[in-house]
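User: Could you take a close look at one part of this predicted model for me? I'd like the pairing in the sheet spelled out, and then how the two chains meet.

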Amino acid sequence: MKPPSAPVRILAVAGVLALGLVGLVVREGRARAEGQEVRLAMTGYDPRSLLSGHFVQFQLRQDLPPAAPCPGQSEAGASVEDGWVALRADGARHVAAGAASTREAALRLAPVAVRGVLTCTPGLAPQRPGDDDRPLEVQTLLLDLGIDRIHLDQAQAEVMERQLRRFDPDAVVEADALVSVGRDGKARLVGVVVGGKRTDLDWW
Amino acid sequence: MTSYRRRLERDLDAWIDRGLVAAANREEILATASEGRRIDAATVLGIIGGLLAGVAVIAFVAANWSAIPRIGRFGTVLAAFLGAAGGAAWAASRKRDVTRQVLLCIAALEFAAAIGLTGQIFDIAGDAQAALRMAGLAAVALAAAGASPWAGAVGLLLIALGDFEGPWMSGGRSDWPGWLVIAAPLAGAAALRWRSAPLAHAAGLCLVLTVLTLGEAARSNAERAFLGAAAVLALAATGLRLARDRFEAPAGVLYGWCVWGALIWFGAAGFGEQMRGVLHSVVWLGVSAGVVVLGRHDRSSAITAAGVIGLFVAGATLLFNLGVGLLTSAMVFGLLAAASLVIAFIIRRGKTA
């Protein structure tokens with residue numbers, strides 16, 4: 001049998017590659033839609049980078065109530081690919097209940113298991129006028145689920161960035177990441193809620 | 001090939017003067033000497049014009065990027081890639097080799113950009129290393145489909161970038177070796193098959209750098225890994241030197257890179273605790289001197305340069321290892337000089353005998 005000519009081979013490979021890219025988008029979109037949506041507290045992290053397009057970088061973090069102990073953290077060297085974090089509902093949000101090395105172990109801690117790394121660091125709670133002079137020591141949960149940014153239009157990104165970078169103890173801006181936890185345990189960003197305004201990722 | 005023709009013209013004139021060749025045969029002999037394919041000014045301007053047009057389109061799209069819906073952006077990215085690949089297919093059907101190669105390179109780079117932009121457009125979190133490697137594989141697939149060594153070089157460099165993405169020499173990366181361990185030798189073989197010097201340069205550079213992607217093997221025992229790499233590259237250089245007649249310029253290019261790599265990694269092995277010492281420096285000096293002789297014999301300035309630089313660095317490490325005791329240094333260098341002179345004398349006597 002005569003092998004296909006170079007033009008046919010080039011078009012065939014290009015078609016397969018393009019279909020692969022479309023398949024990736026469709027698969028990720030489907031996994032995002034089918035996953036369990038959780039709402040995780042976040043804070044601003046870094047301004048937009050011109051080289052990487054318009055995005056807002058954030059960090060999934062939450063201060064625990066004063067005197068609340070740290071849950072079990074991820075082992076040293078754990079990565080988003082091989083670590084698991086258990087999430088439990090806490091009002092409208094989900095909070096980390098502990099880390100584990102397997103999905104089964106994470107599910108024994110809480111109903112939702114997601115691939116990621118959990119770190120707990122000591123810090124100080126923001127003081128408000130009238131509070132005791134002594135700053136309160138609190139534990140802060142840092143969650144690395146492999147998602148740390150949302151790409152937006154420039155105007156949207158700038159508004160969101162200003163809100164996230166503002167620090168006012170009297171008017172703390174509530175910011176949450178909406179994350180879909182798929183059957184594979186992978187976290188996929190669905191959108192963010194900053195100052196009560198929800199921004200979803202969609203095709204448009 | 002132009003330099004070959006000029007040399008042939010000079011040699012022919014000398015042979016005619018000495019009566020070795022009939023003057024009437026001069027033009028006929030010169031006509032048999034191939035000129036090789038040269039890219040003319042019009043083609044170069046055409047390539048530059050095409051690239052500038054591409055940059056203009058990219059800038060225009062970038063200026064309006066925010067105004068385009070996500071699905072539109074994705075469609076634009078895909079259309080740009082398929083347009084370049086389609087153009088390459090058209091050029092292949094018209095036997096326009098340079099256009100085919102350029103468009104396949106553009107298609108390969110556009111697909112690499114498409115992976116990153118798709119992740120950005122739809123906020124798909126991913127591993128940068130995996131993205132670079134996938135882009136490299138796509139470029140290699142396009143290169144294989146279009147028999148394009150230029151696109152192959154792009155693919156190899158993307159795979160190399162993937163290997164070096166992240167903390168590759170620390171404990172943060174996988175224990176497995178990088179993809180270059182397989183990709184670089186395959187690219188070298190492809191360069192020989194397609195008689196491509198550009199791909200041979202890319203493959204040669206990656207062959208030298210492969211040792212840095214060996215993962216845990218290189219981290220836990222760097223000296224042995226470097227010494228092993230030097231031995232493998234020296235063996236490859238030997239084979240490629242013998243294959244130069246069959247595979248022409250690409251074999252020569254790879255041969256040069258392998259000699260450089262063998263010398264570099266042999267020298268690097270001596271910077272560790274286990275092998276550091278006068279003995280390593282003296283052997284390094286000897287090997288470098290041998291490479292200089294080899295370079296002169298093969299009339300290769302690149303190989304001679306490798307040997308000369310090796311001599312300088314090996315000499316410096318020898319001084320360092322001797323503890324910069326001037327008297328001891330003078331004695332060692334004097335012995336080395338005497339050994340060199342004796343060898344040179346023996347070689348000269350062998351030639352005149």
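Analyst: Start with Val85(A): its bridge partner in β4(A) is Ala99(A). That pair sits in the link between β3 (residues 84-90) of chain A and β4(A), two antiparallel strands joined by seven bridges. Zoom out a little and you get an open sheet of three strands in chain A, ordered β4-β3-β5 and paired antiparallel. The edges belong to β4 (93-100) and β5 (112-115) of chain A; each has a single partner strand, so one side of each has no neighbour in the sheet. From one strand to the next, the twist averages 35°.

Now for the other chain. In this predicted model, 29 residues of chain B are in contact with 25 residues of chain A. On the chain B side, α4 (70-93), α5 (97-121) and α6 (128-146) each bring at least two residues to the surface touching chain A. α4(B) gives the largest share, 12 residues. By class, that side of chain B splits into 21 nonpolar, six polar and two charged residues.

One helix pair across the chains is worth a closer look. Helix α1 (residues 6-34) of chain A packs with α5(B) at an angle of about 5°, the axes 11 Å apart. With that angle under 35 degrees, α1(A) counts as roughly parallel to α5(B). From α1(A) come Ala14(A), Leu17(A), Leu21(A), Leu24(A) and Val25(A), and they meet Ala107(B), Phe111(B), Ala114(B) and Thr118(B) of α5(B). Sorted by class, this contact has eight nonpolar residues, one polar and no charged ones.

Conventions. Residues are numbered from 1 along each chain as its sequence is written. Chains are lettered from A and ligands numbered from 1 in the order in which they are written. This is a predicted model: local features need pLDDT of at least 70, side-chain atom pairs count only at pLDDT 80 or more; totals for chains, interfaces and linings use all residues. Two residues are in contact if their C-beta atoms, placed from the backbone, lie within 7 Å. Helices (H or I, at least four residues) and strands (E, at least two) are DSSP runs, numbered from the N terminus. Ala, Val, Leu, Ile, Met, Phe, Trp, Tyr, Cys and Pro count as nonpolar, Asp, Glu, Lys and Arg as charged, and the others, Gly among them, as polar. Two strands pair if DSSP finds at least two bridges between them. Axes are lines fitted to C-alpha atoms, for helices over the stretch in contact, and angles run from 0 to 180 degrees between N-to-C directions. Angles under 35 degrees count as roughly parallel, over 145 as roughly antiparallel, 65 to 115 as roughly perpendicular and the rest as oblique.
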